[in-house]
Amino acid sequence: MLEKQTGVLMIAGACLFVLFLLTVRRKAEFFLNFCLRAAMGGIAIYGINLILESRGIPWLVGINLCSLLTSGTLGLSGVSLLYAISAFRFL
């Protein structure tokens with residue numbers, strides 16, 4: 001009887017361990033994707049600011065925590081949103 005309980009506990013522990021590893025992997029993948037989107041968004045904002053500044057268009061977006069969080073969360077659409085807000089401010 002004791003061997004059966006031990007076996008059930010070992011199987012349940014292994015299942016919980018696998019579920020834990022899958023959860024950690026998903027969260028790590030989400031965090032990596034967020035960081036890559038934020039970095040690419042910062043690079044895109046910098047490049048777009050250079051182009052707009054060279055043409056004399058005053059719709060510049062600052063690179064700060066809020067803009068990086070926006071681009072990290074929403075991706076390219078977040079960068080577009082930041083420039084839309086900047087353009088709307090000057091209308």
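Serine 67 counts as buried in this predicted model, because its relative accessibility is 2%, which falls under the 20% cut-off for that label. You will find serine 67 in helix α2, the stretch that covers residues 65–74. Its side chain has a polar partner: one of its polar atoms lies 2.9 Å from the backbone nitrogen of asparagine 64. What else does serine 67 contact, once neighbours within four places in sequence are left aside? The answer is Ile45, Gly62 and Leu82.

Two of those names, Ile45 and Leu82, lead us to the next stop, since both belong to the largest nonpolar core. This core has 6 residues in all, and its other members are Leu52, Val61, Val79 and Tyr83. Two elements, α1 (2–54) and α3 (76–89), each give two or more residues to this core. Which of the elements gives the most? That is α3, with 3 residues. As a general background, nonpolar side chains tend to be buried together in soluble globular proteins.

Let us pause at one core member, valine 79. Not counting residues up to four places away in sequence, valine 79 touches Gly41, Ile45, Ile48 and Ser71. Ile45 is thus a meeting point in this tour: serine 67 is in contact with Ile45, and valine 79 touches Ile45 too.

Now follow helix α3 to arginine 89, which is found in that helix. Is arginine 89 buried or exposed? It counts as exposed, because its relative accessibility is 59%, and the label applies over 50%. For a sense of distance, look from arginine 89 to glycine 56: their C-alpha atoms are separated by 16 Å, and the two residues are 33 apart along the chain.

Our last stop is the cysteines. The structure holds 0 disulfides, and cysteine 35 is in no disulfide. Why does cysteine 66 not bond to cysteine 35? The sulfur of cysteine 66 has its closest cysteine sulfur in cysteine 35, but the distance is 17 Å, so they are too far apart for a bond; a disulfide needs the two sulfur atoms within 2.5 Å. The surroundings of these cysteines can be described as well. Cysteine 35 is partly exposed, because its relative accessible area is 33%, a value between the 20% and 50% cut-offs. Cysteine 66 is exposed, with a relative accessible area of 57%.

How values were computed. Residues numbered from 1 in each chain as written. Predicted model: local features only at pLDDT ≥ 70, side-chain atom pairs only at ≥ 80, totals over all residues. Heavy atoms only, no water. Helix = DSSP H or I, 4+ residues; strand = E, 2+ residues; numbered from the N terminus. Buried < 20%, exposed > 50% of the residue type's maximum accessible area, 1.4 Å probe, protein only. Polar contact = N/O pair within 3.5 Å; in protein donor to acceptor, adjacent residues only side chain to side chain. Contact = heavy atoms within 4.5 Å. Core = buried A, V, L, I, M, F, W, Y, C linked by side-chain atoms within 4.5 Å.
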